[in-house]
Amino acid sequence: MPPHGVRSAKPTMRDVGILAGVSQSTVSHVVNQTGKIPEETEKRVREAIRELGYRPNETARNLRLRRSHTIGMVTDRIASSPFAGRVLRGAEEFAWERGYLLLLVDAKEDPSIESAAVDTLLARQVDGMLYAAMSWRGVDASAGFTKLPSLLVNAWPSGSRKIPAIVPAETEGGRLAASAVIEAGHERIAFLGGPKDDPARIEREAGFRKAMADAGIPVNEQWVLSGDYQISSGHHLATRILDGGNSPTAVVCGNDRMAVGVITAALEHGLRVPEDLSVVGYDDQEDLADQIAPGLTTVTIPHYEMGRTAVEHLLDALDSGRAPKGATIPGALVRRGSVAAPARR
């Protein structure tokens, strides 16, 4: 053992204690996140750890704590989606901040791959598991998710296994989208959504109707139409309602891609956005909503926040010994240039 004040080739917990001016047991509490250590003391210990380049023996530490400090995450096709992939970034970043690694498997919506992935993650003794979906939907997760603390992300349990879920506040998002044009003074408002049976469309339309009812504005059912979330769908539906003699002054869209189609149709009809027609999207799609002219007013889907919250709730459950808690995460209205007061007609 080196004499006092002399560092060994491989720093030890004792070396950290000497540099920080604390006992070895205090260093152990900080490293293992056990016990209550004063904030200033913990700060000194962590500074000493960084200065010495101390690395704890993870194998021994994990055996002692009965944890692997890994989280398993199974997804459908999120890994191939830069948009919904924000869920992964949020989960990975928060896990890393808390000293955990995220082990990811993209099951490609194949039940056999999902089942094998869960078995493999269990064999690797992950501390908890997440299942994340690219689009908001019901998920009948495999039985392996019930064998340790688990959460669904951007999905809800549709089968017999009632796994807690972290989900977006879709109804509130629909209300926010409609409120953007209602607050601007519009009353003749159309809603162009996705497929009628799509869960996100159903919730967003409910939010739209709530905002209209709260404002005392009747909904024109001829202006509530269903599409498929594509640009061509938004263009087609907007052409239908703009060809009529009595057309809306604002359109709330199921997503940003449909909104682009609406804007294109408006231009073809000699209408200016937002002077003659206000348009609101949904998703705040990267490289789209802020790139078109005018910039698209839209509502965010809190993918990143859902990922972070899922890991936070999972680790809280591991620390407390209680079951993980689900949560509903709100999006936000992003105001850009596609909404203005209605023109006088």
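1. Two strands pair if DSSP finds at least two bridges between them. This note applies that rule to a predicted model. Strand β6 (residues 189-193) and β8 run parallel and are joined by 4 bridges. One position to look at is Ile 189: its bridge partner in β8 is Ala 250.

2. On its other pairing, β8 meets strand β9 (residues 278-280). This pairing is also in the parallel sense, over 3 bridges. Val 252 stands opposite Val 280 in β9. From β8 the chain crosses through helix α10 (residues 256-268) to reach β9. The β-α-β crossover is right-handed.

3. Are the faces of β8 covered or open? Both are covered in this strand, residues 250-253. Ala 250 and Val 252 lie on one side, Val 251 and Cys 253 on the other, and all are buried. In a regular strand, side chains alternate between the two faces of the sheet.

4. Leu 277 deserves a look. It is found in the loop between α10 and β9. Its relative accessibility is 0%, so Leu 277 counts as buried. Leaving aside neighbours within four places in sequence, Leu 277 is in contact with Pro 248, Thr 249, Ala 250 and Val 251. It also contacts Val 262, Ala 266, Arg 272 and Ser 338. Thr 264 is 13 residues away along the chain, and the two C-alpha atoms are separated by 11 Å.

5. Now the open sheet. It is formed by 6 strands in the order β2-β1-β3-β4-β5-β11, with parallel pairing. The edge strands are β2 (101-106) and β11 (327-329), each pairing on one side only. Direction ignored, neighbouring strands of this sheet are turned by 20° against each other on average.

6. Helix α6 (residues 111-123) packs on that sheet. The helix touches β1 (70-75), β2 and β3. Its direction makes about 180° with that of β1.

7. At the β11 edge, the partner is strand β5 (residues 165-168). The two run parallel and are joined by 3 bridges. Val 167 has Thr 328 as its bridge partner in β11.

8. How many aromatic pairs does the structure hold? There are 3. In one of them, the rings of Tyr 131 and Phe 145 have their centres 6.1 Å apart and their planes at 75°. Planes over 60 degrees apart count as edge-to-face, so this pair is edge-to-face. The pair links distant parts of the chain, 14 residues apart. Tyr 131 is in strand β3 (residues 128-139), while Phe 145 is in the loop between β3 and β4 (150-157).

9. Are Tyr 131 and Phe 145 buried or exposed? The cut-off for buried is under 20% relative accessible area. Tyr 131 has 3% relative accessibility, so it counts as buried. Phe 145 has 2%, so it counts as buried too.

10. A further ring has a charged residue over it. Arg 204 lies over the face of Tyr 282, at 3.8 Å from the ring centre.

11. Ser 160 is found in the loop between β4 and β5. At 64% relative accessibility it counts as exposed, because the cut-off for exposed is over 50%. Ala 141 is 19 residues from Ser 160 in sequence. In space, C-alpha to C-alpha, Ser 160 and Ala 141 are 9.2 Å apart.

Methods
Residues numbered from 1 in each chain as written. Predicted model: local features only at pLDDT ≥ 70, side-chain atom pairs only at ≥ 80, totals over all residues. Heavy atoms only, no water. Phe/Tyr/Trp six-rings, centres within 6.5 Å; stacked < 30°, edge-to-face > 60°. Buried < 20%, exposed > 50% of the residue type's maximum accessible area, 1.4 Å probe, protein only. Lys NZ or Arg CZ within 6 Å of the ring centre and 35° of its normal. Axes fitted to C-alpha atoms, helices over the stretch in contact; angles between N-to-C directions. Contact = heavy atoms within 4.5 Å. Right-handed = clockwise from strand over helix to strand, strands pointing away.
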